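Got the viewer open? Keep the selection box handy, and we'll go stop by stop.

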Amino acid sequence: MSYLFTSESVSEGHPDKVADAISDAVLDLMMAPQDKSYRCACETLVTTNQVVIAGEYKGELDNALVETAVRNVIKDIGYEQSGFDWRTVKVLNLMHGQSADIALGTDTFGAGDQGLMFGYASNETLSYTSKDTPTYMPSAIQYSHDVVKALTEHRKSGRDWLGPDAKSQITVEYNDDSNPFRIDKVVCSTQHSENTDMHTVRTRVEQLIRSVLPDRLVDTRTEFHINPTGRFVIGGPDGDTGLTGRKIIVDTYGGYSPHGGGAFSGKDPTKVDRSAAYMMRYLAKNIVASGRADWATVQVSYAIGLEQPMSFYVESNGDSRGLTHWIRDNVDLTPLGIINKFDLFRPIYSSTTNYGHFGKDGLPWETVDLF
């Protein structure tokens, strides 16, 4: 029996993603010395012409550099609106030193917190993607990312009728064998200039979306809903408050696999919410890319301060039991082992913030080299 599955994505100008980007920029400042004694967990709130950052750190953190980083993030996204402008925004820095109690665990490279993390990969997009390198991501989230990324690239190439804030949502229809065979619905809302009429917005955006979706999946029954409410001029943090960590499903697999609940942005790699989720993606992707399964879900859990996982398992349509035992025997799943595997104490985190932390080229956990 066929079924529908939906995922969403957001652009870099979405308020929550502005907050994520600022948190990761602050983290990259802390990671620049590549000192494994440094720590950072930065949370950000953005609203009308105001940025508030708070959290903990250990090491050197220059307040002037933090404010410069905040403004540069906002400038790079493209916000020069009356209600949110990189030149005039107020920045309130409430960062403080890391708790000595938390340091008891992270200084010895035990897990920075308790929690459970999942990784996922699938080969379902191999027949439909136009990318040179397979992403091994679920269809709905992959195409949702492609839409908002295309909008951003279009805007930054000089189409100033588009604004930075945008959202997409793709509904994919799967056949009886759980393979995607068509896109049923496309929803997209994008900020636009005040002098651009809605017919122009809808026509241009639909044309752009069609150019990035696989032709084989779009048919005469595919529905397009562009800016369903109409006008979308006031956007970004001036239109809605943004917070770090509110887009964890966008950051991962679009809801197609379980999620442990932990956010990524702003956290240094001793926080297994982030680093272990990256390792789980690496394991799942390598299982699928090696042909050992068509899809794989991998889970791990930790206790704060302890090095070894509390649990680990693989679920797939391959030899799940054998894969579980092989990985436990051959892969270092301690926090320090993960950090060393991917060289995570370096300023790479701003490159992860937008359009998902998985399925992108150039990230160490996307490497296929395990088997």
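Start inside: the largest cavity holds about 90 Å³ of space. A cavity here is a set of points, on a 1 Å grid over the protein atoms alone, where a 1.4 Å probe fits but cannot get out, and its lining residues have an atom within 4 Å of a point. The volume is the space filled by probe spheres set on the points, with grid points joined across faces, edges and corners. Before going on, note that this is a predicted model, where local features need pLDDT of at least 70 and side-chain atom pairs count only at pLDDT 80 or more, while totals for chains, interfaces and linings use all residues. Residues are numbered from 1 along each chain as its sequence is written, and side-chain values use heavy atoms, with hydrogens and water left out.

Now select Met117, Phe118, His259, Gly260 and Ala277: of the 14 lining residues, these lie nearest the centre of the largest cavity. Strand E7 (115–122) and helix H7 (272–289) each put at least two residues into that lining, and E7 gives the most, with three. (Helices, H or I of at least four residues, and strands, E of at least two, are DSSP runs numbered from the N terminus.) By class, the lining has seven nonpolar, six polar and one charged residues. For that split, Ala, Val, Leu, Ile, Met, Phe, Trp, Tyr, Cys and Pro count as nonpolar, Asp, Glu, Lys and Arg as charged, and the others, Gly among them, as polar.

Stay with E7 and show its sheet. This open sheet has three strands in the order E7-E12-E13, with antiparallel pairing; two strands pair if DSSP finds at least two bridges between them. E7 and strand E13 (311–316) each have a single partner strand, so one side of each is left without a neighbour in the sheet. The twist averages 10° from one strand to the next, with axes fitted to C-alpha atoms (for helices, over the stretch in contact) and angles running from 0 to 180 degrees between N-to-C directions. Eight bridges join E7 to strand E12 (residues 295–302); to see one pairing, pick Ala121 and its bridge partner Ala296 in E12. Then add H7, which packs on this sheet, touching E7, E12 and E13, at about 30° to the direction of E7. Contact means heavy atoms within 4.5 Å.

Next stop, the other sheet. Four strands make an open sheet with mixed pairing, in the order E1-E8-E9-E10. Strands E1 (3–10) and E10 (223–226) stand at its edges, each with a single partner strand, so one side of each is left without a neighbour in the sheet. Here the twist averages 15° from one strand to the next. Strands E8 (residues 162–174) and E9 (residues 180–192) pair antiparallel over ten bridges, and Val172 has Ile183 in E9 as its bridge partner. Helix H4 (residues 139–156) lies across E1, E8 and E9, at about 155° to E8.

Which two elements each supply at least two residues of the lining of the second largest cavity? They are H4 and E8. Its space is about 40 Å³, and its lining includes Val148, Leu151, Leu162 and Thr190.

Last, select Lys247 and Asp16, whose side chains meet in a salt bridge at 2.7 Å, N to O. The two sit 231 residues apart, Lys247 in the loop between strand E11 (242–243) and helix H6 (248–251), Asp16 in helix H1 (residues 15–31). The whole structure has 24 salt bridges, each a side-chain nitrogen of Lys or Arg within 4 Å of a carboxyl oxygen of Asp or Glu.

Terms used:
On a 1 Å grid over the protein atoms alone, a cavity is a set of points where a 1.4 Å probe fits but cannot get out, and a pocket is an open set with protein on both sides within 12 Å along at least five of seven lines; lining residues have an atom within 4 Å of a point.
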